[in-house]
There are 4 protein chains.
Amino acid sequence: MGIRVAVAGASGYAGGELLRLLAGHPEFDLVAATAHASAGRPVAAVHPQLAGLDLVFGATDPATLADADLVFLALPHGQSAALAAALPGPVKVVDLGADHRLRDADAWARYYGGDHAGAWTYGLPELPGQRAAVAAADRVASTGCYAVATTLALAPLIAAGAVFPADVVVVAASGTSGAGRAAKPHLLGSEVMGDLSPYKVGAHQHVPEIKQATGATSLSFTPVLAPMPRGILATVTAVPTGDADPREVLAAAYADEPFVHVLPEGAWPHTAATAGGNSCHLQATVDVDSGRVIVVSAIDNLGKGAAGQAVQNANLMFGLPETTGLPVFGVAP
Amino acid sequence: MGIRVAVAGASGYAGGELLRLLAGHPEFDLVAATAHASAGRPVAAVHPQLAGLDLVFGATDPATLADADLVFLALPHGQSAALAAALPGPVKVVDLGADHRLRDADAWARYYGGDHAGAWTYGLPELPGQRAAVAAADRVASTGCYAVATTLALAPLIAAGAVFPADVVVVAASGTSGAGRAAKPHLLGSEVMGDLSPYKVGAHQHVPEIKQATGATSLSFTPVLAPMPRGILATVTAVPTGDADPREVLAAAYADEPFVHVLPEGAWPHTAATAGGNSCHLQATVDVDSGRVIVVSAIDNLGKGAAGQAVQNANLMFGLPETTGLPVFGVAP
Amino acid sequence: MGIRVAVAGASGYAGGELLRLLAGHPEFDLVAATAHASAGRPVAAVHPQLAGLDLVFGATDPATLADADLVFLALPHGQSAALAAALPGPVKVVDLGADHRLRDADAWARYYGGDHAGAWTYGLPELPGQRAAVAAADRVASTGCYAVATTLALAPLIAAGAVFPADVVVVAASGTSGAGRAAKPHLLGSEVMGDLSPYKVGAHQHVPEIKQATGATSLSFTPVLAPMPRGILATVTAVPTGDADPREVLAAAYADEPFVHVLPEGAWPHTAATAGGNSCHLQATVDVDSGRVIVVSAIDNLGKGAAGQAVQNANLMFGLPETTGLPVFGVAP
Amino acid sequence: MGIRVAVAGASGYAGGELLRLLAGHPEFDLVAATAHASAGRPVAAVHPQLAGLDLVFGATDPATLADADLVFLALPHGQSAALAAALPGPVKVVDLGADHRLRDADAWARYYGGDHAGAWTYGLPELPGQRAAVAAADRVASTGCYAVATTLALAPLIAAGAVFPADVVVVAASGTSGAGRAAKPHLLGSEVMGDLSPYKVGAHQHVPEIKQATGATSLSFTPVLAPMPRGILATVTAVPTGDADPREVLAAAYADEPFVHVLPEGAWPHTAATAGGNSCHLQATVDVDSGRVIVVSAIDNLGKGAAGQAVQNANLMFGLPETTGLPVFGVAP
């Protein structure tokens, strides 16, 4: 008998990817998936890629989830806290939403609004100390997609003193699944195909999370919607403190990491190469004109940026090998 | 110690997908991958989605392949026969190319040209009798991508006498990976994005294979290149012989198949739902105006249409459970 | 002082394309554009490609439209009749919707439902006799997008007796703008990119229109949604009556047409080549295996399939050269 | 009799767009188009969107071009100088290549290599003084695509003293047509669809051109290839000198420009809205966290970034209204 897992809010894109990963996971038994409007519908009617999965969406209430050993919350921001509070103590929880990521209640209020639910253990095992912290935790706030891509690129450089934390400029483009599954006019295929468009320019809600996770003290972060279903490409630039080779700093930091690949010199990350997997690809250089350090990071926003990251955290929480059930390789072309 | 497998011609798209599947296969040990122009290069330099795979392309010669238990041939059409003939007898072979699919030498000459290499066991286990034949074979000609999509839609209807074999019309659109990885001007991203274009209209080389596999005696087959990397959607129409429900005929034929899913009534196949997996999705109806039977079939041309199909055949050839190492679910969105 | 034109229902995709064409038309003065939910908003806020156009959406009521010389109706199906009836007699009207296309009230009831508004002059000038009919008409029902693509491919062959009208099979794929601008979940970019999906299989509402326009007596028509914003590729097959060369029949029929191009032998239509223009590209052959005639037709569904076609009709209605203000060439890549 | 124009190197993407614009231009008569490998082929065989254009590619030699009044050079970098030198004096020339853009021979040697051909009048009329300079010139070096997008966003801010020129960070993503039409493996549709990938990171050849045009003294410029045929989105950030509103600075600078649109507050540029047109869309804000100025700029790389820009310059050189034959509006969706 395996570990019993349930997914709350499984009708969205991150939820669907979680179900795909969990259905193939050798230690986790998927016992329930819940939804709001889709409660009562077969999972495969909502996620046609899961044709053959014999499961029906339940309603998102504590009773449906309470007899699981592990619950993933893939709910809209602001809805995790109440549901988590209603779950019995022994149930471990991984939250894919933002509710419990920020330690700073003021930042929460400023960027998200409403009451701050309080911080949980931050679920990015590649950060120093976080692997052990996640393994010891019962409640983990899994990292946001932009924050994964940016933090893995930047945190070791700041930690090593190789770049100044006070002048970081990031432009990051995401595939449309990062914008969710709600039917909004600007997300129609007719609008997004052939189009690049920036959004939330000057004030994106991932800014405080990225600053908290990386140690950056000033961050210009511009997100762009890109014409592809999946993937994040983050271009991170910062001012070097000396002449450390940024690629070597990253390579040293991630030498033993199964999911973070600093590419060979001259090879730059492609988002497509990470699609469907739980990997992050990195490369770095120093710009010849400005002298700034440039790091480019690629992930699958639904993989290492959401569902894969969440399963990685869950593996640690249950003492499983961290890579259990998680693909390293991408599905490309 | 597992079964030692090698892939010849692994630098193309089908080859890359094979490597991905084999790297995650619990019984097959990937010991060699060969290429022509890329011999000597790291596999991950050619297939960036395999970053972290520690393997270098060898040259495509028998010596590199001879100590494998199983060799997959993913070579251009016309190159399999000579290489296969040079492999030692005990080495089992699955050919992803067309060389050994056709029993009719005249059809080979007419559609491909050159000498006919002779037919091997046809690798489509879902056809009556083929599962056992593949399991008993040492050399298997894996099915072509368009032939998989069309045959799974059509063969049971002809076999059941539900449609006439003499008036079959198929229009099938494929993602660009089906056209291969050679750098041809009409396959540039700038050309294919936003574009649908038919090709080889009136005389496609998959016609004799589909007729052989389905029993159709007259086949109009029009292929179309579609603006997506993967996927085939085949629309198959034929004249019914009576009033059998075509969906029920298909559902009965595939009731026990792990990879063929006749969707619930009202749900129609999407190619995206099959991406990255080894599944075929089917639906059928009778057209209200013409009375023709319409079956729509969706596969991933690199999955069930190539690499996944080949691994499925190999599983059978080695007495493994047919689904070993093969994803049923797709990666979507 | 030019001809005063107004567009009702101009917030959708066909409406936006109409505004673009009309803004550059040398004889038509765009005096009003109306919308429902967007009434009161600047046109450029709804159609960002029209940045710089100084126009605000009015409400869709007769008073806003009544002082125009010409009104285009780009309304949802079923809403044209009432509005048209409320316009003063001298106002000429081109309806882009389906309401007035069908002569057969039963067919209307069967495929659309509700009361039949009665037929207007059918707006496809390339059909025999229709050019003069449109020029003489005050109310014209402009052709539907799938009907344009299919009719231009098929009508001359049936009219010439080159193919039988009783066994026509069409598979036609459309870009997503053909599905409209309403925010529906299955039209999200995340769903449609990388995906081909059939819809309304077995009973599409364009069937009676195509039969009426072409003379086909039995029609199997399967529409497919394709991952691109614009374009229709129709593959039309029929049984030849003799050995007439279908390409020559088409070339003869369209020798003097400015917008219909039968491509040189060996060149097949691409949808991308028609994007943004008012042209239809055609090619034909006879299938070597089945002997069926195969014609492939490409148009821009918003151009020759909607807005361009409507302007072409309007030019005729006002005695202008038919090509006035209409691009022949496409915008590619 | 109009002005006789010829295009050298017209088989590429910028050349094709030029032919499209020139074919519809009321004052320019397109008398010749030349190509290298495609010499002797009909133009429409190479550019299917121009079906119906009755023109055959000539060879790219001075004799073919010498009797034109105006020659556009759309050649690979490094090939313009020799051809231009061989043209008779009275022939006016607009070069779409880079050969004559840089005033600094050292920068040419560093970024392009080879001999510097010398600078011509820089063809960006929206820069102070350049409109008159272009109008007076016989030889004009039209601006590069990335340089157009970045310069229009940045130059007025530096000129107004609103931002410091010494810390400019730009990330700009381009559609694939910007990478040209040569058949390279990494530009295949299978590779680019679903993919974002950076290239020439740390040392792009547009850096010296942008610095020259904007006055920036330090520039970090990272280009990204995006999965769309056309369009550039440039995200430009710089440190403000005071509290000037960057949007107001831009709005004042471009108040009378026909092709540059500073969007209403809250509206951000989309590349799709500029496709097929000659417009640049701009918006600006100040980042709440870092305090940096962020300007986003969108153009069609083949329009305002290449062919449209070249025609705009040519209009000025012949004393025509600057907007003659140039679309302001984009083709979207």
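Q: What makes the pair D:D167 and A:R292 a salt bridge?
A: In this predicted model, the closest N and O atoms of D:D167 and A:R292 are 3.0 Å apart. The criterion asks for a side-chain nitrogen of Lys or Arg within 4 Å of a carboxyl oxygen of Asp or Glu. The pair therefore qualifies as a salt bridge.

Q: How many salt bridges are counted between chain D and chain A?
A: The count between these two chains is four. Over all chains, a search of the whole structure finds 49 salt bridges.

Q: Why is the pair A:K211 and D:D289 called a salt bridge, and where do its two residues lie?
A: The closest N and O atoms of A:K211 and D:D289 are 2.7 Å apart. The cut-off is 4 Å, so the pair is a salt bridge. A:K211 belongs to helix α9 (residues 207–214) of chain A, and D:D289 belongs to the loop between β13 (280–286) and β14 of chain D. The pair thus crosses between chains.

Q: What makes residues of chain D and chain A count as being in contact?
A: Contact requires heavy atoms within 4.5 Å, and by that rule 44 residues of chain D are in contact with 44 residues of chain A. The area buried between the two chains is about 3,400 Å², with 62% contributed by carbon and sulfur atoms.

Q: How many residue pairs are in polar contact between chain D and chain A, and which elements supply the side of chain D?
A: There are 16 residue pairs in polar contact, both residues being at pLDDT 80 or more. Two or more residues each come from β8 (168–174), β9 (197–198), α9 (207–214), β10 (219–225), β11 (232–238) and β14 (293–299) of chain D. The element that gives the most is β10(D), with five residues. By residue class, the side of chain D that touches chain A divides into 23 nonpolar, 14 polar and seven charged.

Q: How do you know that the same surface serves both chain D and chain A?
A: Chain D can be laid on chain A by a turn of 180° and a shift of 0.0 Å along the axis, with an RMSD of 0.0 Å. The same surface serves both copies, as 100% of the contact residues of chain D recur in chain A.

Q: What is found between chain C and chain B?
A: Here 44 residues of chain C are in contact with 44 residues of chain B. Together the two chains bury about 3,500 Å², 62% of it on carbon and sulfur atoms. Four salt bridges are counted between them.

Q: What makes C:K211 and B:D289 a salt bridge?
A: The closest N and O atoms of C:K211 and B:D289 are 2.6 Å apart. This value satisfies the cut-off of 4 Å, and the pair is therefore a salt bridge.

Q: How many residue pairs are in polar contact across the interface of chain C and chain B?
A: The rule finds 16 such pairs, with both residues at pLDDT 80 or more. The elements giving two or more residues to the side of chain C are β8 (168–174), β9 (197–198), α9 (207–214), β10 (219–225), β11 (232–238) and β14 (293–299) of chain C. Of these, β10(C) gives the most, with five residues. That side of chain C comprises 23 nonpolar, 14 polar and seven charged residues.

Q: Why are chain C and chain B described as related by a two-fold rotation axis?
A: A turn of 180° and a shift of 0.0 Å along the axis lay chain C on chain B with an RMSD of 0.0 Å. The two copies are therefore related as by a two-fold rotation axis. The same surface serves both, since 100% of the contact residues of chain C recur in chain B.

Q: What makes β9 and β12 the edge strands of the open sheet in chain C?
A: The open sheet has seven strands in the order β9-β10-β8-β11-β14-β13-β12, with mixed pairing. Strands β9 and β12 (260–262) of chain C each pair on one side only, and they are the edge strands.

Q: Why do β8(C) and β11(C) count as paired?
A: Pairing needs at least two bridges, and six bridges join β8(C) to β11(C), so the two strands pair. They run antiparallel. One bridge partner of C:V170 is C:V236 in β11(C).

Q: How do you know that β7(C) pairs with β5 and with β6 of chain C?
A: Three bridges join strand β5 (residues 92–95) to strand β7 (residues 139–142), and these strands run parallel. Strand β6 (residues 121–123) and β7(C) likewise pair in the parallel sense over three bridges. The requirement is at least two bridges, so both pairings are met. In β7(C), C:R139 is the bridge partner of C:V93, and C:V140 stands opposite C:T121.

Methods
Residues numbered from 1 in each chain as written. Chains lettered and ligands numbered in written order. Predicted model: local features only at pLDDT ≥ 70, side-chain atom pairs only at ≥ 80, totals over all residues. Heavy atoms only, no water. Buried area = accessible area lost by both parts, 1.4 Å probe. Polar contact = N/O pair within 3.5 Å; in protein donor to acceptor, adjacent residues only side chain to side chain. Helix = DSSP H or I, 4+ residues; strand = E, 2+ residues; numbered from the N terminus. Nonpolar A, V, L, I, M, F, W, Y, C, P; charged D, E, K, R; others polar. Least-squares fit on C-alpha atoms with pLDDT ≥ 70 in both.
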